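Me: Before I rely on the terms used for this structure, I would like each one set against the rule behind it. Please take them one at a time.

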Amino acid sequence: MRNEQEFIDLLHRRLAELRTGAEAAVKDALAMDGTTFQARQERDVMVAEQSGLLAAFNAGEHGLCFGRLLFRDGADHHIGRIGIRAADEDRTPLVIDWRAEVARPFYLATGHTPMGLRRRRHITTENHRVTDLHDEILDLTDTARTGHEGSDADAVLLAALDAARTGRMHDIVQTIQAEQDRIIRAPHQGVLVVEGGPGTGKTVVALHRAAYLLYAHRERLARRAVLIVGPNPAFLGYISEVLPALGETGVLLATPAELYPGVRATGTDTPRAAEIKGAATMADALAAHVRDRQTVPEPDAPIAIRHDDGELLLTTDIATEARSLARETRLPHNLARPYFAFRVIDALTAQIADRLGADPYGGPSLLGPDDIAQLGKAVAANRDVHAAIDDLWPALTPQEFIADYLTDPTHLPDEDAAAIRRDGGPWTPADVPLLDEAAELLGEDDSAARAAAEAARQERVRYAQGVLDLSYGSRTQEFEDREDEDSEILAAHDLIDAERLAERHEEADHRSAAERAAADRTWAFGHIIVDEAQELSAMAWRLLMRRCPTRSMTLVGDPAQTAEPGGCGTWEAILTPHVGDRWEHVRLGVNYRTPAEIMDLAAGVVRSVNPSFEPPSSVRSTGEGPWMCAVHGDSEADLADAVADAVVSETSREMARIAIIAQHRHHAALRAAVPAASAGPEPDLTRPVVLLDPRQAKGLEFDSVIVVEPGEFGTSDLYVALTRATQRLGVIYDAEDGPGLPAGLEGLGW
Ligand SMILES: Nc1ncnc2c1ncn2[C@@H]1O[C@H](COP(=O)(O)OP(=O)(O)OP(=O)(O)O)[C@@H](O)[C@H]1O
């Protein structure tokens, strides 16, 4: 113990040195003069690199070193959250990053396959103090004893699983299990599907995989960033500390509803509307609707345009031919629009040229190419021509287009159109993939943005020229009577020209890759992790696949927990349209969260509708079964009071985090009865009591869970709610006026 403590002290001293060095480097880099584009880039790279290092060093502050490997050949390595080297010439590794290959036996070695190990040590620390050591002997010929050998190799794991929850997920670097390690380090570059029941560690494994990939492919991924998609903001808050604790910051966390920059989806759809909007057929309906916006005049109603040289007629034939030509480009709507416009202008110019140049004696046109070019310019400048083109092939923004589509949805069966019809109102999460689809179909006509950027650049150049002129002016005044043209004092105009001075005024982009990715719809992420992947609709998958052209993805989920009606259901249905059969599927089968007593009950609920259902097996049991409380009252307040009493009783049992899970319609009464509970769209999960609806509970966990009126939950929502507890589960229902206990729970408490 003493030796390990001395080592940990040494490590923290070294960490402090490194941190001070990185802090100074960040400051120096920020102060670097970014005169040229290249210098600015170098400075930004330096700031990003050193800030990344600083984040890693800060992460190392807690539980820096947690393991030690003693090999039969005498090698001896400490394993830690981050790698640290000594200050000596060889930069000798003091502690090895858990993601390095040499650290693998820490997670994989067994007595049967010792991987060269003689002994494996788990080191537990608290605030830099070594509090426990636990040795496992992997070489039976090793007879040396340290006094820290334990008979139960799982003691460290069980201590972690039994620990009170904090409302934030923690990393598991100290106790990653072999089946999890294989997934975290899977060499597969494409789509990896991780399936497993509740509490099998899918989320935590996916997060560690992100950390591993950022370590193993740092060059590529740090530039492109990793996107992690989770079901709701509360869940993202819950997992938000895992990667920073592992020293990783190049990650963007988002819900599917947040993936269209500039749009906040605050509205809600009915389940039916969300299902229709999520179906793959919506893509065809929107594509057809775009074509509908590319129109031609009726044959008997050509568009008459007043022009200085006489009336022009934009006929069906002209528009149809221009439309075919524009469509043949296969460009998105807005980008094909100039082709349509030029063709129409050409045809109208020809019309007027035929009229004006007609030789009364039937000879060739009297107009030369220059005359025709002049006529073309006049037609192109005619406002009525522009108005007609706008009418036939309008420039559209995705927002306008989808808002317009939703007021009168087309290319759908009548009842589906009626279900999604909406006049105004806020965007909903199910609208976000539609906006993204529209952006693809319409294309961003960035010519205006480019013209504006160029104008701004020109403006900066003019400003810089002014600055230089001033500097030159002052120079002549200062030096005029010295005839000192070769003065060694250099003025600004000697060193830089106006263009470069203009660049200097451009704002430097210090944003990280993740921040830039968040603001850019067309950003291609290096890797995407999708949690609760079973819930995403076909349209949401189309959006996500666009964000990851390399298809380097980890999808985690559990089809048995599918709650959204628009959810894709099977992995084949999700993936075949995008990657065919080129994806790998792995399973996790051990439940690390829910004790066996609770899991048995939850499994019974699913078995009542699917008798062959096999739940994951729990790694722990607490000896304590779930409890039940039937309320015999005659008002909503009686049910809420019973919940309040239960919260008091659970608190007295020192349950650190308690969740009440109830349908939304009970929330007002429950908030009144349990005012201390944090509730609302983004509840604070670090508070001792939290009130959630079943969908908000997805992916979360608490020491104690109280499920209210379970008869109002669908099977999959109830399964999710019942599997959130790490210690205790209770069920409260109204035995007088409520729907009663659902199938699978009837026997509870009797
Ligand atoms: N190897 C491990 N060591 C310590 N804790 C672990 C380990 N594996 C999983 N856990 C813990 O088990 C709990 C469940 O993990 P996680 O939330 O990742 O499961 P999940 O499969 O995503 O569950 P669900 O589908 O119900 O959301 C977490 O508290 C996690 O930290």
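Reply: A residue counts as buried if 20 or more other C-beta atoms lie within 10 Å of its own. In this predicted model, buried residues make up 40% of the 750 residues in the chain, so that share of the chain meets the cut-off of 20 or more neighbouring C-beta atoms.

Me: What makes β1 and β2 a pair of strands?

Reply: Two strands pair if DSSP finds at least two bridges between them. Strand β1 (residues 65–71) and strand β2 (residues 76–80) run antiparallel and are joined by five bridges, so the condition of at least two bridges is fulfilled and they are called paired. One residue of this pairing is Arg68, whose bridge partner in β2 is His78.

Me: How do you know that β1 also pairs with β5?

Reply: The argument is the one used above: β1 and strand β5 (residues 117–126) share five bridges in the antiparallel sense, and because at least two are required, they count as a pair. Here Arg68 stands opposite Arg121 in β5. Beyond that, β5 is joined to β6 by eight bridges, again antiparallel, with Thr125 facing its bridge partner Val130 in β6. In the hairpin of β5 and β6, two residues lie between the strands, and Asn127 takes a positive phi near 45°.

Me: Why are β3 and β6 called edge strands?

Reply: The open sheet has six strands in the order β3-β4-β2-β1-β5-β6, with mixed pairing. Strands β3 (84–85) and β6 (129–137) each pair on one side only, and this is what makes them the edge strands.

Me: What makes domain 1 and domain 2 touch, and which element of domain 1 gives the most to that side?

Reply: Residues are in contact if their C-beta atoms lie within 7 Å. Between the two domains, 11 residues of domain 1 meet this condition with 14 residues of domain 2, so the domains are said to touch. Helix α2 (residues 37–59) gives the most to this side of domain 1, with four residues. By class, the side has five nonpolar, two polar and four charged residues.

Me: How do you know that Thr175 and Lys202 are near the ligand?

Reply: A residue is near a molecule if its C-beta atom lies within 6 Å of it. There are 23 residues around the ligand, and Thr175 and Lys202 are among those that come nearest, so both fall within the cut-off. The shell comprises nine nonpolar, 10 polar and four charged residues, and α4 (155–162) and α6 (202–216) each supply at least two of its residues.

Technical notes
Residues numbered from 1 in each chain as written. Predicted model: local features only at pLDDT ≥ 70, side-chain atom pairs only at ≥ 80, totals over all residues. Nonpolar A, V, L, I, M, F, W, Y, C, P; charged D, E, K, R; others polar. Buried ≥ 20, exposed ≤ 12 C-beta atoms within 10 Å, placed from the backbone.
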